[in-house]
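Biologist: Could you take me through one part of this model closely, please? I would like to see how a single strand sits among its partners, and then how that part fits into the rest.

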Amino acid sequence: MTAENDLPQRTKHVELIVNGKRVQGDIDSRMTLAEFLREELGLMGTKVGCNRGECGSCTVILDGNPVYSCSVLAVEATGREVLTIEGLTPEGKLDPLQEAFIEHDALQCGYCTPGMIMSVKALLDRKPHPTEGEIKRATDGNLCRCGAYPNIIKATLAASEKLIR
Amino acid sequence: MSSEKLLIKGPPLPPLGREFTVVGRSLNRRDGVEKVTGRAMYSGDIKLANMLYAKILRCPHPRARIKKIDASRAEALPGVKAVLTKENTKGWRTYWYMTPQIALPECLTYEGQEVAAVAAEDITIAQKALELIDVEYEVFPPMLNAEKTLNSPRPLYVADEEYPGSEVFDRKEYVIKRGDIKKGFDASHIIVEDTYSTQAQYHGTIQTRACIASWDGQDLTVWDATQGVWNSRDALAFSFGLNPENVRVIVKYLGGGFGSKASAQRISYYAAKLSMVTGRPVRLERTRREEFINHPHRWDCKTYLKIGAKKDGTLAAIYQRTIVNVGAAGLNGNYYPVMAIWHTSNLYACSNVYLEQIGAYTNLQLTGPQRGPLNMPAIFFLESHMDRLAEELDIDPLELRLKNYAAYGSNYAWEATRPQTAILDQERKIPYSSKHLDQCMDLVTKAIGWERRKSLKDAGQSLKKRGIGMASFVVFQGVGGPPYAANADVEMTSEGAINLFIGVVDIGAGQQTIFTMIAAEELGVKADEIITVWGDTKGTRYAPSCHASRCTAEMGPAVLQAAAEARQKLFEIAAPLLGARAEDLQSKNGDIYVKSDPSRSIPLKTVCSRIDPDAPIRGRGSRAPNPDGPMFATFGAQAVELEVDGETGEVTILRVAAAHEFGRAINPKLCISQIYGGIEFGMGYALSEEGIYDPLTGKMLNNNLHQYRMPTSLDIPHIDAFIVEGEDPYFAYSAKGAGENTNTPTPAAIRNAIYNALGIWFNDLPITPDKIIKAIQERKKRS
């Protein structure tokens with residue numbers, strides 16, 4: 001049985017780069033990266049669909065790798081570099097991948113979309129010209145209940161075509 | 001709220017009189033940019049100043065009574081602003097659809113039911129407060145099995161005074177009949193009978209429900225996660241005894257619905273009440289686990305089906321008995337009287353049918369609409385059985401379907417003496433408003449290579465077997481009974497602004513885009529010249545909830561009419577400028593011109609400048625329920641090629657061909673997306689998705705997205721999607737609903753393909769690897 005006054009009193013200082021900008025804060029050390037992005041920084045593009053590493057909607061890129069931000073503590077991200085969906089449009093101009101998602105209707109309700117795009121983005125950064133199978137494997141941790149999967153593949157291939165070989 | 005009852009009979013308006021310029025084009029969805037940039041704000045993304053955070057304490061037992069509840073420790077926790085329990089909310093009702101229920105009852109009938117609600121300064125405190133609420137439960141053995149509860153008089157509730165009339169809730173029977181099945185079976189050359197079962201399926205929307213409620217005096221505003229802002233408004237108004245005009249519901253973006261958000265969300269009531277009590281805005285968001293346990297899942301069903309046929313395959317008699325597990329939805333909740341049997345009475349021509357649907361209440365959570373609610377189970381039973389019959393008769397399954405093709409539909413005629421019995425009479429030869437199912441079947445079987453069925457079956461000794469199967473379907477289109485009248489408005493101002501007002505939610509199917517396209521087509525302008533106001537009860541009129549594939553069918557004609565009326569008013573202004581009569585004018589690509597001489601034209605915006613600045617043009621459109629007369633339905637067929645691994649029991653879907661008829665596609669790209677989505681849902685239902693409950697405690701065991709297995713990118717096959725268009729004058733540009741029913745034939749097609757691969761019938765969904773392995777082993781033992 002926990003005491004009634006055991007709510008967290010202590011905070012931890014974090015300092016990281018989010019979408020190219022240095023950010024910092026004194027936060028509850030239990031806070032996830034997703035919560036930090038949404039609640040502290042107001043970056044609501046990162047969605048939390050399950051908060052337990054199952055759906056992938058909270059995917060962001062941490063030091064070049066796609067991660068479930070609900071399963072990374074904000075303190076773990078300290079000193080590291082995070083890219084969120086908001087970081088793809090620093091000057092308001094859409095990334096070719098985002099354009100391809102619209103053109104190929106690779107989304108319906110749009111809730112999984114930011115996470116899906118970040119997974120695909122991480123793939124294309126790593127491998128600019130993936131095969132269909134590689135796209136499927138790169139997104140198999142991102143659930144899309146609207147079932148836009150075939151269009152996600154088409155959009156990824158189309159965006160890939162625009163990247164220099 | 002639904003004062004206008006314009007019944008559209010026959011073509012809603014004269015034909016457009018020109019080629020389409022907007023309708024039929026695969027335009028990008030209008031909210032694409034917001035969604036790909038993360039700028040789309042869903043209900044859970046909204047933050048208000050001074051906002052409190054709420055949590056719900058949920059019952060851990062499927063059937064229990066609260067003996068004692070004490071919230072004093074929670075109330076004493078610093079930061080807690082309000083705690084609601086049954087003790088301080090007596091007389092307060094929430095609504096399950098339009099049925100009142102005690103908001104926080106003493107007797108609890110499913111795991112996850114609301115016991116208490118807390119609002120606090122932050123979510124951590126709210127969560128902590130839940131742990132400090134002391135509840136003493138009296139726990140009863142849960143009743144989970146519908147067949148078993150069917151004959152027990154009081155299966156659910158333990159204190160009936162809270163539920164007056166509860167004794168009648170335990171059984172609901174509906175019958176569809178025509179002809180004489182005894183005669184039909186007697187005249188049959190062959191009779192095939194079998195039993196089937198389908199499981200509880202969960203919507204799995206990626207957005208967990210969230211809402212924010214805020215009061216301003218007598219006015220309540222709710223940013224909700226609902227598929228219908230207007231019916232949610234009504235339900236909230238009832239719950240709080242408000243004039244509906246005092247409630248505003250807003251849904252700009254919805255993270256998936258699939259039927260689960262068809263009315264006001266349960267969390268909305270508690271958030272609104274907490275906000276009322278505290279005088280501050282309240283945000284309430286559910287966890288993924290709560291999404292599973294406090295959720296209207298798809299009914300699980302048990303079916304006995306018996307079909308008699310003549311030697312040539314002509315159906316002579318059909319008997320069906322389906323028991324639907326209504327769960328704890330209770331009262332009249334949301335249970336469709338004949339939906340598990342309607343398809344059996346309509347898909348094929350047969351003179352003698354007797355079909356029974358019986359609903360039984362249990363403690364198995366809430367049930368409710370889900371993408372093709374009972375359509376998918378019903379078609380699974382029938383289309384599975386048709387393949388079995390074809391096998392017994394040694395007739396090709398496609399040929400058997402064409403042989404019994406129903407040229408006519410059968411409308412309801414409820415028996416006066418027994419209102420639960422419907423006569424559906426095909427002999428009266430009621431035509432469908434359009435039907436091209438034969439074309440759909442032809443397309444999918446050609447695309448999949450139907451003729452390869454035989455050779456695949458006989459291929460080699462490999463442990464991996466391939467199979468091809470198909471299924472077809474019919475689904476009833478459009479409901480629209482009050483209070484669900486559909487209204488739309490178009491406004492044109494002297495500054496040239498064109499505004500469309502639609503009180504519907506864009507649930508991701510693209511409603512915003514489609515209705516803007518319909519208005520643009522009718523006005524003769526580009527879709528992006530129109531500003532559309534949607535998803536808000538403020539500024540719009542009553543509109544249907546986007547479920548049951550009804551939104552396009554119902555709202556389409558209302559939008560078209562509103563746009564046509566506005567255009568005619570603009571033509572009145574344009575007529576003297578062009579020296580012609582208004583009725584001789586036409587508009588296209590932003591110009592108004594004389595039909596007989598298109599060179600005499602004037603830009604539409606120029607005409608707009610002549611509109612009285614103080615009196616913008618307003619066109620109003622409405623549509624009420626379907627008129628009597630023809631049958632309204634949508635159709636389709638799907639064929640599947642798959643591979644079964646005899647060693648692991650794993651099924652890999654290789655290819656799906658899908659052809660669907662829903663009138664005309666306003667936007668083919670969006671329709672194809674619906675087909676992809678339907679197949680995803682149907683695949684999950686066929687192969688992996690299933691709510692699993694502890695047989696002893698009745699608690700859900702797989703209440704997360706790891707153990708509740710929805711298809712992923714790796715499972716989705718190559719899909720050939722076809723849209724078979726048909727003229728249907730009762731709808732806007734012939735557009736009917738394309739959304740939910742695209743999943744309807746998928747499970748039966750998969751099941752039939754597995755038979756083609758293995759030679760084993762699987763009648764119980766989902767067809768998981770363990771069932772396949774077991775069946776293969778049993779067959780080995782027998783031989």
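Modeller: Happy to; I will begin with what the model is, go to one strand of chain B, and then step outwards.

This is a predicted model, in which local features need pLDDT of at least 70 and side-chain atom pairs count only at pLDDT 80 or more, while totals for chains, interfaces and linings use all residues. Residues are numbered from 1 along each chain as its sequence is written, and chains are lettered from A and ligands numbered from 1 in the order in which they are written.

On confidence, pLDDT is the predictor's own score for each residue, from 0 to 100. Chain B averages 90, with 92% of its residues at 70 or above. Two stretches of chain B stay under 50: residues 1-14, with 30 contacts beyond four places in sequence, and residues 158-170, with 23 such contacts. Here a contact means that the C-beta atoms of two residues, placed from the backbone, lie within 7 Å. For the complex, the predictor gives an ipTM of 0.96 and a pTM of 0.95.

Now to the strand, β31 of chain B, which covers residues 633-645. Strands are DSSP runs of E with at least two residues, helices are runs of H or I with at least four, and both are numbered from the N terminus. Of the 13 residues in β31(B), 11 are buried; that term asks for 20 or more other C-beta atoms within 10 Å of a residue's own, against 12 or fewer for exposed and anything in between for partly exposed, with C-beta atoms placed from the backbone.

β31(B) has a partner in β23(B) (residues 464-476), and the two are antiparallel over 13 bridges. Pairing requires that DSSP find at least two bridges between the strands. One of these bridges sets Arg466(B) against Glu643(B) in β31(B). β31(B) is also joined to β32(B) (residues 651-661), again antiparallel, by 10 bridges. There, Ala637(B) has Ala659(B) of β32(B) as its bridge partner. β31(B) and β32(B) make a hairpin with five residues between them, and Gly649(B) in that turn has a positive phi of about 75°. In a regular strand, side chains alternate between the two faces of the sheet.

For a contrast in cover, look at helix α19(B), residues 769-782. One of its 14 residues is buried, so little of the helix is covered. Its expected span, 1.5 Å times one less than the number of residues, is 20 Å, and its end C-alpha atoms are 20 Å apart, in agreement.

A loop residue is also worth a visit: His295(B), between α8(B) (288-293) and β15(B) (296-297). His295(B) counts as buried because it has 26 C-beta neighbours inside 10 Å. Leaving aside residues up to four places away in sequence, His295(B) touches Tyr202(B), Ser260(B), Gln365(B) and Leu366(B). Leu366(B) is 71 residues from His295(B) along the chain, yet their C-alpha atoms are separated by 5.7 Å.

Finally, the contact between the chains takes 50 residues from chain B and 40 residues from chain A. On the chain B side, α1 (32-37), α3 (123-131) and α17 (668-687) each give two or more residues, and α17(B) gives the most, with eight.
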